[in-house]
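Subject: The structure I promised you

Hi,

Here is the structure I said I would pass on. Have it open while you read, and I'll walk you through what turned up.

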Amino acid sequence: MNDALYSAVAALAAIDLDQLDALQAQLGTTLQAQESGQGWQLRKATAGQLGPVALAEVELRSPPAGQAGSPVLLLRLAQPQPMQPLQWPDAVPSAPRPDAPDAPAWWELRLSSSRVLLGLDHSGAQIVSISVRQQR
């Protein structure tokens, strides 16, 4: 299944996160505007689909209009997926932060113009979240 997940993540990373219609179509969901209280535009959905993987939560954080910054897409998977490093070419593991003992490890890779983080569970064996940050 991770080959299909990799392909779906690669397709997602190629989408301009400012193109809301294309993003919603790719994720099979509708993002609703939320109050962020910090000036950033926040949109959320409680479900979606990324290729073969169901999503429990989708969140898009965008900088205020006219301000510098990169949009960030956060996806929480409905069911953890096995982390198989060979299925993620060029991904680099990152250890948990030493100043945050409860923080899990993650893998990082670059796809298109995006930085993708694969968030792992505490065992380091399952992908539980994916974030995509477009580099501008």
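One term before we start: a residue is called buried if its relative accessible area is under 20%, exposed if that value is over 50%, and partly exposed in between. Take proline 52 as a trial case: its relative accessibility is 35%, so proline 52 counts as partly exposed. Also keep in mind that this is a predicted model.

**The overall picture**

The protein chain has 2 helices and 9 strands. Reading from the N terminus, the order is α-α-β-β-β-β-β-β-β-β-β. The C-alpha trace spans about 40 × 35 × 25 Å along its principal axes. How does the radius of gyration agree with that of a compact globule? For 136 residues, a compact globule would come out near 14 Å, and this chain has 15 Å, which agrees. Of those 136 residues, 37% count as buried. As for contacts between residues at least 6 apart in sequence, 41% of them join residues at least 24 apart.

**Two prolines in loops**

Back to proline 52, which sits in the loop between strand E3 (48-50) and strand E4 (53-62). Its C-alpha atom is 9.9 Å from that of aspartate 3, although 49 residues separate the two along the chain. Now look at proline 98, in the loop between strand E6 (92-94) and strand E7 (106-111). Proline 98 has a relative accessible area of 81%, so it is exposed. Proline 98 and methionine 83 are 15 residues apart along the chain, and their C-alpha atoms are separated by 22 Å.

**Two residues with a positive phi**

Aspartate 90 is not a glycine, yet its phi is positive, about 70 degrees. You'll find aspartate 90 in the loop between strand E5 (72-82) and E6. Is aspartate 90 buried or exposed? Its relative accessible area is 70%, so aspartate 90 is exposed.

Serine 112 also has a positive phi without being a glycine, this time about 55 degrees. Serine 112 belongs to the loop between E7 and strand E8 (114-120). With a relative accessible area of 60%, serine 112 is exposed.

**An aromatic pair**

The count of aromatic pairs comes to 1. The partners are tyrosine 6 and tryptophan 88, arranged edge-to-face, with 5.4 Å from centre to centre and 70 degrees between the planes. This pair links distant parts of the chain: tyrosine 6 is in helix H1 (residues 2-13), while tryptophan 88 is in the loop between E5 and E6, 82 residues apart. Tyrosine 6 counts as partly exposed because its relative accessibility is 21%. Tryptophan 88 has a relative accessible area of 1%, so it is buried.

**A look at two buried residues**

Which residues does isoleucine 127 touch, leaving aside neighbours within four places in sequence? Leu77, Pro80, Gln81, Pro82, Met83, Trp88, Leu118, Gly119 and Leu120 are its contacts. So you meet Trp88 here again, this time touching isoleucine 127. Isoleucine 127 is found in strand E9, and at 0% relative accessibility it counts as buried. Glutamine 38, by contrast, is 29 Å away from isoleucine 127, C-alpha to C-alpha, and 89 residues away in sequence.

The other one to look at is glutamine 24, in helix H2 (residues 20-27). Its relative accessible area is 13%, so glutamine 24 is buried. If you don't count residues up to four places away in sequence, glutamine 24 touches Thr29, Thr30 and Leu31.

**The largest pocket**

Last stop: the largest pocket, with a volume of about 270 Å³. It is lined by 18 residues, and the closest to its centre are Leu74, Gly119, Ser129, Ile130 and Ser131. Which strands each supply at least two residues of the lining? They are E4, E5, E8 and strand E9 (126-134). Sorted by class, the lining has 11 nonpolar, 3 polar and 4 charged residues.

That's the tour. Start by finding tyrosine 6 and tryptophan 88, the edge-to-face pair, then work your way to the pocket.

Cheers

How values were computed:
Residues numbered from 1 in each chain as written. Predicted model: local features only at pLDDT ≥ 70, side-chain atom pairs only at ≥ 80, totals over all residues. Heavy atoms only, no water. Helix = DSSP H or I, 4+ residues; strand = E, 2+ residues; numbered from the N terminus. Buried < 20%, exposed > 50% of the residue type's maximum accessible area, 1.4 Å probe, protein only. Phe/Tyr/Trp six-rings, centres within 6.5 Å; stacked < 30°, edge-to-face > 60°. 1 Å grid on protein atoms, 1.4 Å probe; cavity = no way out; pocket = protein on both sides within 12 Å on 5 of 7 lines; lining within 4 Å. Points joined across faces, edges and corners; volume = space filled by probe spheres on them. Nonpolar A, V, L, I, M, F, W, Y, C, P; charged D, E, K, R; others polar. Rg over C-alpha atoms; globule rule 2.2 N^0.38 Å. Contact = heavy atoms within 4.5 Å.
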